[in-house]
Amino acid sequence: MTFPAPTRVGRLSLESRHMPAAQGGGGDIYDVMATPFGVRLLIGDVMGTGLAANQTGLRILNAWRELACTEPSLAGVAVRLHALISRSEHPDRFVTALLVNFPVTGPWEQPPAGTADPDPARGSRAEIVCCGHPPPLLLRDGSAVFVEPYAAPPLGLLDLADGWCKASLIGVGEGDQLLLYTDGVSEARDGAGRFFPLAEQTAMALRAGAAAAGRLPLLDSLVASLRDHAGDRVTDDIMLLLITLRLVLLTN
């Protein structure tokens, strides 16, 4: 398992955990970038495991890093990544992907004349494009609730939807967290064939962390719960990405 150091990009703090199922790095990918359009994130899962999936993932990441900074539309980024896959030497190697954009400035509604500007601490919006990927969890006030964005086919299979996808908007506020993950987490099964109850385990870990000092960090707690649940039956790559929103920038 890899334990990258927590990262701060713009108004976001990020932590991740990654467990490839096979040598070669696996097909789970993620990246975060500050762009002219906001802080943009990608998490994806290439079909298959091992070196071949890892190489496809690296090609997707390289293309993403250019498109994220040049393509104004988040859905447009997804469509162009789809075209890269469908025209590649392995057009059948589709990629599930979740793309997220946090705008440079919140898309505030204009206040009525004579009233104060909106308070950034009250909230903003995140833009989400979901292409065949498991939905994110929104963590707020000790709860963990699945976000339900518009769902499109995976990258490489967008032709099933006429080559089209669209973005959804969700409200977010100071201190909210988004948990992104790959299906190696949500589809992990126990000995009885039951899927890992991600939302329930996340909410339980949040409550336990709030009630006691010295508890495991959230991602470490989820990894431990996942191992208890699946044991040695894990056969897919696993990735967890936790995003914490800091809408109010601290000043000295």
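These legends accompany close-up views of a predicted model.

**Figure 1. Overview of the predicted protein chain.** The protein chain carries 5 helices and 12 strands. Of its 252 residues, 49% are buried. Contacts between residues at least 6 apart in sequence were also sorted by separation: 73% of them join residues at least 24 apart. The accessible surface amounts to about 12,400 Å². Carbon and sulfur atoms account for 53% of that surface.

**Figure 2. The largest nonpolar core.** This core has 26 residues. L42, W64, L81, L99, V129, L155 and C165 have the most contacts inside it. Strand 3 (28-35), strand 4, helix 1, helix 2, strand 5 and strand 6 each give two or more residues to the core. Helix 1 provides the largest share, 7 residues. Apart from this core lies another, of 24 residues. Its members include I43, L98, L138 and I243. In soluble globular proteins, nonpolar side chains tend to be buried together.

**Figure 3. Surroundings of W64.** W64 is one of the buried residues of helix 1. It is also among the residues with the most contacts inside the largest nonpolar core. Which residues does W64 contact, leaving aside neighbours within four places in sequence? They are D31, M33, R40, L41, L42, V77, L81 and L99. Of these partners, V77 and L81 are buried residues of helix 2.

**Figure 4. Helix 1 and its packing.** Helix 1 (50-70) has 21 residues. From first C-alpha to last, helix 1 reaches 31 Å. That is close to the 30 Å expected at 1.5 Å a residue. Its buried residues are G50, A53, N54, T56, G57, I60, L61, A63, W64, L67 and A68. They pack against strand 3, strand 4, helix 2 and strand 5.

**Figure 5. Helix 2 and its cover.** Helix 2 spans residues 74-86, 13 residues in total. Its first and last C-alpha atoms are 19 Å apart, close to the 18 Å expected at 1.5 Å a residue. Buried here are L74, A75, G76, V77, A78, L81, H82, A83 and I85. Their cover includes strand 4 (38-46), helix 1, strand 5 (95-102) and strand 6 (124-131). At the start of helix 2, a side-chain oxygen of S73 comes to within 3.3 Å of the backbone nitrogen of A75.

**Figure 6. H82 and I85 in helix 2.** Are these two residues buried or exposed? H82 has 5% relative accessibility and I85 has 3%, so both fall under the 20% cut-off for buried. H82 touches L155, G156, L157, L158 and D159, not counting residues up to four places away in sequence. For I85, the view marks a C-alpha separation of 9.2 Å from R59. I85 and R59 are 26 residues apart along the chain.

**Figure 7. The aromatic pair Y150 and W164.** The structure holds 1 aromatic pair. How are the rings of Y150 and W164 arranged? They are edge-to-face, 5.7 Å centre to centre, with 75 degrees between the planes. Y150 lies in the loop between strand 8 (143-146) and strand 9 (151-152), and W164 lies in the loop between strand 9 and strand 10 (168-172). The pair therefore ties together parts that are 14 residues apart in sequence. Both residues count as partly exposed, Y150 at 29% relative accessibility and W164 at 45%.

**Figure 8. Positive phi at D141 and D162.** D141 is not a glycine, yet its phi is positive, about 55 degrees. D141 sits in the loop between strand 7 (137-140) and strand 8. Its relative accessible area is 79%, so D141 is exposed. D162 also has a positive phi in a residue other than glycine, near 60 degrees. D162 belongs to the loop between strand 9 and strand 10. With a relative accessible area of 76%, D162 is exposed. The loop between strand 9 and strand 10 also holds W164 of the aromatic pair.

Conventions. Residues are numbered from 1 along each chain as its sequence is written. This is a predicted model: local features need pLDDT of at least 70, side-chain atom pairs count only at pLDDT 80 or more; totals for chains, interfaces and linings use all residues. Side-chain values use heavy atoms; hydrogens and water are left out. Rings of Phe, Tyr and Trp (its six-membered ring) pair if their centres lie within 6.5 Å; planes under 30 degrees apart count as stacked, over 60 as edge-to-face and the rest as tilted. Helices (H or I, at least four residues) and strands (E, at least two) are DSSP runs, numbered from the N terminus. Buried means under 20% relative accessible area, exposed over 50%, partly exposed in between (1.4 Å probe, protein chains only). The expected span of a helix is 1.5 Å times one less than its number of residues. Contact means heavy atoms within 4.5 Å. A polar contact is a pair of N or O atoms within 3.5 Å; within protein, one must be able to donate a hydrogen and the other to accept it, and residues adjacent in sequence count only if both atoms are side-chain atoms. A nonpolar core is a set of buried Ala, Val, Leu, Ile, Met, Phe, Trp, Tyr and Cys residues joined through side-chain atoms within 4.5 Å. Accessible areas come from the Shrake-Rupley method with a 1.4 Å probe; for residues, only the protein chains shown count as cover.
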